[in-house]
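This report looks at charged side chains and at unusual backbone positions in one protein chain. Please keep the sequence and the model open while reading.

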Amino acid sequence: MMVLKMSLKNVILLVWLLLGMNKWGIGQVAQLQSPDRSIALHVFLSASGEIQYSIQKSGVKVIHPSALGVMMKGHDFTQGMKLVNTSKPERIAHSYQTKNAKRSSTLYQANQLVMTFANNEKKKMDIIFRLSNDGAVFRYSFPWIQENETIIEEQSSFSFDKNARAWLQPMSEAKTGWNHCHPSYEEHYLQDIAVGTVSPLRSGWVYPALFKTNDTWVLITEAALDGTYCGTRLINDSASTVYSIGFADPREVFTGGGYLPKNNKPWLTPWRIITIGSLKTIAESTLGTDLAPAALLKDVSFVKPGKASWSWINSKDDSITFNEQKKYIDYAYDMHWQYCLIDADWDTKIGYDKVAVLSAYAKQKNVGLLLWYNSAGDWNTIAYHPKDVLLTREGREKEFSRLQALGIKGVKIDFFGGDGQSMIQYYIDILNDAAKYKLLVNFHGATLPRGWQKTYPHLMTAEAIYGMEMVTFDQHAADVQANHCAMLPFTRNAFDPMDFTPMNLTGLTSSNCIRKTTPAFELALSVLFLSGIQHYAQSPEGMVRVPNDVKELLRKLPGNWDDVKFLEGHPGKYVVIARRSGNRWYIAGINGDKNEKKINLDITSFKKSKATLFTDGIKDELFSKANLNAAKQKKCDVTLNANGGFVMVLE
């Protein structure tokens, strides 16, 4: 990290210490601006010692005065606070590389201010603020902690204008759902609702949470979540437009563990992240990974993004047989995909010895095997197995060592128990132990990664979404899939990899549900959605019907991306995004609406000579293809059918 002290004549960042109190008894004690001066933070201290902040974008309030502070067991940092010190302004700048994000190389720059407050006991709390050109972040620091301390409440809140609108996913209640498997971040979004609307499931709202106030978009999430803290959510009531940090349900714990944040060392809490700007800002921002700690792994040579074949999505439990998995290995080989995932109950339906045979066969085909596990202890009643073998460090090391000897490349671990502090520690323990044995990790039935993929580069993906699996189970999910998918680049998939398991080109198999999206819509998801390993929902039998030029596109499709451009869209309605890999640009668009939509693209801006456009086919054809002159096509009109999409390759 590079820290630069700012000169007095640098007017980019200003800090004012004000002595006067306004007529409400609240005095402004600091102000901070983003590097481009478009975002301004104001910090206030009331006469009774309550800390508040507000944020403006281009002079217009985005976050109205909102509370700061935490309540520890035995220590109150929410009132009676006094300002002790305000640091000198600093410019923060650091760059990082990742194989599993919107960009392969990212430079983060922000202006930082650290304010130190003391409570009535004279115990200190630092609040660290940073403003970048795309948002504001803050966290708390308690450097004095040496013995066990517990935070019982975080006061942090986000207050919006009464006319603001929201696009939010409800948090499900702990211990509900199939075999008590909730929460798993698998609900549909409520879209364009009034702020203050209460979650229908009464457990708050998950991150990232999207708001629009006036003409400014705001996306709230968190990062730098370690084993000392619980995963949080937003809570609110209908009487106000204030959203506050809410802790996990007391039932969301590892067996015998706790749910509240606790630490016995100097403590930095997770970052509260507020991305601010246009929809282009939201879709291109990397704040969710910018604020995550740097990668802990020194050797990342085994971390190889890619694509995977997967039988279970098509034929469910009956597909977990030796011959079926051999067929899917051959399928991955034919499609030049890097992985094949073998799902639940493989340990008895196939067995370790036969899995060893499959692994050796896959290696000959240059395909890596991934194996499914049930994380569950006593937090649910799901019987799928292998089960319980990962609950202890000894168990994990024994199992992971065995997998490494078999040549297995990664694990998919399912059915976690929520967001309590002890459960978060369980995730991190798994990641640390998997790294020792060079195993890639995919969390399912799980929490939001919150930037973990930067700190733990072998975390390739996580579910935490109402995905394609549910489309195969529920006709309503199939009916609204297009609208749901058009939400995700602005919310769930904005920062973190998402194992939606997309791309069903030729229709669902072994399911009574009828897919309502078009083949080109499904093809677009392979570019639009971000996942370190993309597990495709297309069966090998269906792929036989796919035109060779589309197959070649899928064979050559990159496993990770170098850059991103948001072209146009609106949450839930439609989205068009361009992603670059090397010298090629891939543009993908989907229509989440039931009405046809026409868009116009200027493809000359990409400075390429050739463009290949794949759209929905006519009559019985799955796809239509057109070759365009990218150097001269200033106006490229593309028609998005209802629930339709397109992919364009520029080279």
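Glutamate 324 and lysine 327 both belong to helix H4, where they stand 3 residues apart, about one turn of the helix; helices (H or I, at least four residues) and strands (E, at least two) are DSSP runs, numbered from the N terminus. The two residues form a salt bridge in which the closest N and O atoms are 3.3 Å apart, the term meaning a side-chain nitrogen of Lys or Arg within 4 Å of a carboxyl oxygen of Asp or Glu. Glutamate 324 counts as buried because its relative accessibility is 19%, whereas lysine 327, at 28%, counts as partly exposed; buried means under 20% relative accessible area, exposed over 50%, and partly exposed in between (1.4 Å probe, protein chains only).

This is a predicted model, in which local features need pLDDT of at least 70 and side-chain atom pairs count only at pLDDT 80 or more, while totals for chains, interfaces and linings use all residues. Residues are numbered from 1 along each chain as its sequence is written, and side-chain values use heavy atoms, with hydrogens and water left out.

**Salt bridges**

The structure holds 29 salt bridges. The table sets out three of them.

| Pair | Closest N to O | Separation along the chain |
|---|---|---|
| Glutamate 324 and lysine 327 | 3.3 Å | 3 residues |
| Lysine 438 and aspartate 299 | 3.2 Å | 139 residues |
| Aspartate 343 and lysine 412 | 3.1 Å | 69 residues |

The side chains of aspartate 343 and lysine 412 meet in a salt bridge. This pair links distant parts of the chain, with aspartate 343 in the loop between strand E25 (339–342) and helix H5 (346–349) and lysine 412 in strand E27 (residues 410–414). Aspartate 343 is buried at 4% relative accessibility, and lysine 412 is likewise buried at 4%. Elsewhere, salt bridges that share partners join Arg393, Arg396, Glu397, Asp429, Asp433 and Lys436 into one network.

Lysine 438 forms a salt bridge with aspartate 299. Here too the pair links distant parts of the chain, lysine 438 lying in the loop between helix H8 (421–436) and strand E28 (440–443), and aspartate 299 in the loop between helix H2 (287–290) and strand E24 (306–310). Lysine 438 is partly exposed, with a relative accessible area of 37%, as is aspartate 299, with 33%.

**Backbone exceptions**

Most residues other than glycine have a negative phi, and most peptide bonds are trans. Lysine 316, in the loop between helix H3 (312–315) and helix H4 (322–334), has a positive phi of about 55° although it is not a glycine, and lysine 316 is buried, with a relative accessible area of 14%. Asparagine 366, in the loop between H6 and E26, also has a positive phi, of about 60°, but asparagine 366 is exposed, with a relative accessible area of 68%.

Two peptide bonds that lead into a proline are cis: the one from histidine 182 to proline 183, with omega near 5°, and the one from histidine 385 to proline 386, with omega near 10°. Proline 386 sits in the loop between strand E26 (368–374) and helix H7 (393–406) and is buried, with a relative accessible area of 2%. Leaving aside its neighbours within four places in sequence, proline 386 is in contact (heavy atoms within 4.5 Å) with Trp346, Asp347, Trp372, Tyr373 and Asn374.
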